[in-house]
Amino acid sequence: MSWGTELWDQFDNLEKHTQWGIDVLEKYIKFVKERTEIELSYAKQLRNLSKKYQPKKNSKEEEEYRYTSTRAFLATLNEMNDYAGQHEVISENMTSLITAELTRYVQELKQERKSHFHDGRKAQQHIETCWKQLEASKRRFERDCKEADRAQQYFEKMDADINVTKADVEKARQQAQLRHQMAEDSKAEYSSTLQKFNSEQHEHYYTHIPNIFQKIQEMEERRIVRIGESMKTFAEVDRQVIPIIGKCLDEITKAAESVDHKNDSQMVIEAFKSGFEPPGDVDFEDFTQPMKRTVSESSLSNSRGDGKSEPKFSSKSKGKLWPFIKKNKGAGPEDFSNLPPEQRRKKLQQKVDELNRDIQKEMDSRDALTKMKDVYIKNPQMGDAASVDHRLAELGQNIEKLRLEVQKFEGWLAEVEGRLPARTEQPRRQSGVYEAQNPSGVNSCAQDRESSPDGSYTEEQSQETEMKVPATDFDDEFDDEEPLPTIGTCKALYTFEGQNEGTISVAEGEMLYVIEEDKGDGWTRIRRNEDEEGYVPTSYVEVYLDKNAKGAMTYI
């Protein structure tokens, strides 16, 4: 069973069939590739699902996982993560063992097929050329024979005509002989060409074409074997992970079997048991006798507290917040004077702590070098003790510089905390909130501040709900103060989202009341109603002050 003998005349059909075989192989490669993508997507979704339901660290959820049922659920989540890993293994193995290998094989197969069919076309072109030569030789022989017949007939006609001269008859005779000779030569050439063509044709159909078609058949059979092996590998890749997947499922089953409802019930008792005895019977109170009513000590009323409710902070404190400063793209001042007092205090404290850590590191290094120097002094063969003197001196200088830095920052920190007198610079009111409080910090930022509709202000703010400010006249000024009077109205030119504490959101075109005008810091204090007031950028509103309040002014 050979294509070379059975399909010797089916060159075009074999070409189409082998191309179809390559298309089938490429289709299978695409199928496996999509399968690997599905496995990866499934694994990713399983991992995300497991991560989604994992308890958050340092949260209340972690406490809930002390129960056997929730611990079993956590074990299920962990096993699902491992389960997802096996699907990733399937994807990786199919990619490396099937997709990559078959892709490389397809390229080689295309090149081999191209070479074989190129040889087949070349052989066909050669036999077609031989056939054309045979046809040309045959036509030439036929033409020469006809010419020889016509020349012979002309000679015989001239020879029979008595009116023709002897010279003309001789010329016709010679022409007839010449044509006969040409016909004989053409006959010999045609015979030779015919023998050569028959030999070439036999070689073509019984040697060249069978060899080429045999190679094509072997190529096609290798392709069929290769795709069968790939399908087998496809199944083996899945089969290899089945034991591990089974182990994951066994662990989930084991975790489920560890659930103990009695134990969980006992843990609920241990978690919420108060230890108190249930209340006793309520004593009968006889209101018919003028006696002091008594309440049973075992009454539930004992559980009611008579403590006074804690005082709540006045909503007025909302207005006593530091307006948020525009971001400074350059480096801020070293003493953080561009920040509000509480934020500045935190920054300074962080800087002091950082410098103290640096000092401790330098001191540890100096102690280590000192010990090394002592070892060198006692054992000179281990090293030169003088070699570490330069480094020790350098560490001492570094420690001294760091200590000076610490003193400097501690001085600023003490100033903020009120332990030292404030600087004697000219005070300047900051947004009408902190007057004469840390004037240096206010001046350093207020002079360069400029509000604009971009709304870019610092996002840094204190995490505390109450600013720690030393007891000064500042507290007396604002404690239990009356609401500020209205000094005018304003219209919002733009929409402003007051996301930071101390600001208020306004909508474009909204009319509001002005309770404090811009003090040069770019902020105007407004009020919507009794409970809603705050700061907005002055450039966002058009202000109309009452005539009796410092004259009518308009900010645009």
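Is E533 buried or exposed? I looked this up before anything else: at 17% relative accessibility, E533 counts as buried. The cut-offs I use are under 20% relative accessible area for buried, over 50% for exposed and partly exposed in between, with a 1.4 Å probe and protein chains only.

**Basis of the entries**

I note that the model is predicted, so that local features need pLDDT of at least 70 and side-chain atom pairs count only at pLDDT 80 or more, while totals for chains, interfaces and linings use all residues. Residues are numbered from 1 along each chain as its sequence is written, and side-chain values use heavy atoms, with hydrogens and water left out.

**Entry 1: salt bridges**

I searched the whole structure for salt bridges and recorded 24. The criterion is a side-chain nitrogen of Lys or Arg within 4 Å of a carboxyl oxygen of Asp or Glu. As background, side chains of opposite charge can pair when their charged atoms come close.

I returned to E533 and found its salt bridge with R527, where the closest N and O atoms are 3.2 Å apart. R527 is also buried, at 12% relative accessibility. I then followed the shared partners: salt bridges join E516, R525, R527 and E533 into one network.

I next examined R140 and E189, a salt bridge with its closest N and O atoms 2.8 Å apart. R140 belongs to helix α4 (residues 68-160) and E189 to helix α5 (residues 166-257), so this pair ties together parts that are 49 residues apart in sequence. Helices here are DSSP runs (H or I, at least four residues), as strands are (E, at least two), numbered from the N terminus. I list R140 as partly exposed at 29% and E189 as partly exposed at 38%.

Within helix α4 I looked up K146 and E142, whose side chains meet in a salt bridge at 3.5 Å, N to O. The two residues are 4 residues apart in α4, which places about one helical turn between them. K146 is partly exposed at 46% relative accessibility, and E142 is partly exposed with a relative accessible area of 41%.

**Entry 2: helix packing**

I then turned to the packing of α2, α4 and α5. Axes are lines fitted to C-alpha atoms, for helices over the stretch in contact, and angles run from 0 to 180 degrees between N-to-C directions. I call angles under 35 degrees roughly parallel, over 145 roughly antiparallel, 65 to 115 roughly perpendicular and the rest oblique.

For α4 and α5 I recorded an angle of about 170 degrees, with the axes 7 Å apart. The two helices are therefore roughly antiparallel to each other. I sorted the residues of this contact into 45 nonpolar, 19 polar and 23 charged. In this classification Ala, Val, Leu, Ile, Met, Phe, Trp, Tyr, Cys and Pro are nonpolar, Asp, Glu, Lys and Arg are charged, and the others, Gly among them, are polar.

For helix α2 (residues 11-52) and α4, I found that the axes come within 8 Å and cross at roughly 165 degrees. This pair, too, is roughly antiparallel. The contact of α2 with α4 holds 23 nonpolar, 14 polar and 10 charged residues.

For α2 and α5 I noted an angle of about 15 degrees and axes 11 Å apart, which makes α2 roughly parallel to α5. I counted 15 nonpolar, 4 polar and 4 charged residues in the contact of α2 with α5.

**Entry 3: aromatic pairs**

How many aromatic pairs are there? I obtained 11 aromatic pairs. Rings of Phe, Tyr and Trp (its six-membered ring) pair if their centres lie within 6.5 Å, and planes under 30 degrees apart count as stacked, over 60 as edge-to-face and the rest as tilted.

I inspected F31 and F234, a tilted pair with ring centres 5.5 Å apart and planes at 35 degrees. F31 lies in α2 and F234 in α5, so the pair ties together parts that are 203 residues apart in sequence. F31 is partly exposed at 43%, whereas F234 is buried at 16%.

I also inspected F409 and W412, an edge-to-face pair with 5.2 Å centre to centre and 90 degrees between the planes. They are 3 residues apart in helix α8 (residues 389-416), separated by about one helical turn. F409 is buried at 2%, and W412 is buried at 15%.

Finally, I noted that ring pairs link F11, F117 and F213 into a cluster.
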